[in-house]
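Here are some short exercises to work through with the model open beside you. Try each task before reading its solution.

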Amino acid sequence: MHNDVEKTLLSEAQIQARIEELAGEMNALYSDDDAPMLVCILKGAFLFLADLVRHLEFRHEVNFMVVSSYGSSTKSSGIVRILLDLESNIKGRHVMIVEDIVDTGHTLDYILRNLSTRHPASLRVATLLNKPSRREVQVPVDFVGFEIPDEFVMGYGLDYAEFYRNLRYIGVLKPEVYQR
Ligand code: PRP
C-alpha cells in the first residue's frame with residue numbers, strides 16, 4: 001500500500017464484483033432499442049466507465065464531459081464549470097450520467113439541470129460512490145455502487161492533488177497528508 005494511504009476502504013475485488021452487479025441491473029433496464037448514451041464525467045469516472053461498459057449487453061454510446069468545481073482540492077465550492085461539453089446532441093436520447101462520487105451533490109445537480117434543458121428522453125445517474133452524509137443539495141441517483149462514510153478517499157479514478165487515480169482499490173488518505 002502507498003505511504004499516503006491509511007487503509008483500504010474498498011478492495012479491487014469488491015469494486016469489480018459490485019460493478020458487475022450494477023451492470024446486471026442496467027442490462028435488465030435497457031434494451032438495444034434504447035441505445036442509451038453513457039456520459040462519463042471526467043476525470044474521476046474514467047475507470048468506472050471502462051470497467052462498467054465491459055459488462056453491458058445492450059447497445060450504447062459513450063460520451064464524455066469534463067467538469068470542474070472551483071475551490072480547494074478537498075472541498076467542493078458549489079460553483080461548477082463545464083470544461084469540455086458533449087460532442088453530440090442528446091435530444092430524445094436516453095442518457096445515463098456516470099460519476100465516480102456524489103459528495104455535496106452540487107456537481108451532479110448542475111449537470112442534471114444543464115442536461116435536462118437539452119430534452120433527453122430519460123436522464124439517469126450511476127455513481128460508484130455516494131457520501132450521503134455530506135449532501136448539501138438533494139439529487140436523484142439511480143445506481144449506487146457503495147455508500148461510504150465521510151473520509152477522504154482516493155484511487156480507482158479519484159485523486160488526491162491529481163495523483164493516485166491509477167490505484168486499483170479505493171483507499172483513505174492519511175489526514176496528515178492533506179493537513180500538511
Ligand atoms: C469530483 C467528482 C464529482 C464531484 C463530486 O470531481 O468526480 O464530479 O467532485 O463532488 P460534489 O458532489 O461535492 O459536487 P472533481 O471536481 O474533484 O474533478 P475530477 O473528477 O476531475 O477529479
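## Exercise 1: Arg-135 and its neighbours

Leaving aside residues up to four places away in sequence, Arg-135 touches Val-102, Asp-103, Thr-104, Gly-105 and Asn-130, where contact means heavy atoms within 4.5 Å. Before going on, please note that this is a predicted model, in which local features need pLDDT of at least 70 and side-chain atom pairs count only at pLDDT 80 or more, while totals for chains, interfaces and linings use all residues. Residues are numbered from 1 along each chain as its sequence is written, and side-chain values use heavy atoms, with hydrogens and water left out.

**Task.** Locate Arg-135 and decide whether Arg-135 is buried or exposed.

**Solution.**
1. Start with the position: Arg-135 sits in the loop between β6 and β7 (143-147). Helices (H or I, at least four residues) and strands (E, at least two) are DSSP runs, numbered from the N terminus.
2. Now the accessibility: Arg-135 counts as buried because its relative accessibility is 17%. Buried means under 20% relative accessible area, exposed over 50%, and partly exposed in between (1.4 Å probe, protein chains only).
3. Finally, compare sequence with space: Arg-135 and Gly-105 are 30 residues apart in sequence, yet their C-alpha atoms are 5.8 Å apart.

## Exercise 2: Asp-103 and the ligand

**Task.** Find what Asp-103 touches, then follow the polar contacts to the ligand.

**Solution.**
1. Asp-103 belongs to the loop between β5 and α3. With residues up to four places away in sequence not counted, Asp-103 touches Lys-131, Arg-134 and Arg-135.
2. The side chains of Asp-103 and Arg-134 share a polar contact of 2.5 Å. A polar contact is a pair of N or O atoms within 3.5 Å; within protein, one must be able to donate a hydrogen and the other to accept it, and residues adjacent in sequence count only if both atoms are side-chain atoms.
3. A polar side-chain atom of Arg-135 is 3.0 Å from the backbone oxygen of Asp-103.
4. Turn to the ligand: one of its oxygen atoms lies 2.8 Å from a backbone N or O atom of Asp-103. A polar backbone atom of Gly-105 is also 2.8 Å from a ligand oxygen, and a polar side-chain atom of Asp-159 lies 3.3 Å from one.

## Exercise 3: The shell around the ligand

**Task.** How many residues surround the ligand, and which element supplies the largest share?

**Solution.**
1. The shell has 16 residues, the closest being Glu-99, Asp-100, Thr-104, Gly-105 and Thr-107; a residue belongs if one of its heavy atoms lies within 4 Å of the ligand.
2. β5 (94-102) and α3 (106-116) each provide at least two shell residues, and β5 has the largest share, with four.

## Exercise 4: Packing and pairing

**Task.** Which residues of α3 are buried, and what is the strand order of the open three-stranded sheet?

**Solution.**
1. In α3, the buried residues are Thr-107, Leu-108, Asp-109, Ile-111, Leu-112, Asn-114 and Leu-115. They pack against β2 (37-42), β3 (61-69), β4 (80-84), β5 and β6 (122-130).
2. The sheet runs β1-β9-β8 with antiparallel pairing; β1 (5-10) and β8 (153-154) are its edge strands, each pairing on one side only. Two strands pair if DSSP finds at least two bridges between them.
3. Four bridges link β1 to β9 (residues 170-173), with Val-5 partnered by Leu-173.
4. Two bridges join β8 to β9, and Met-154 has Gly-171 as its bridge partner.
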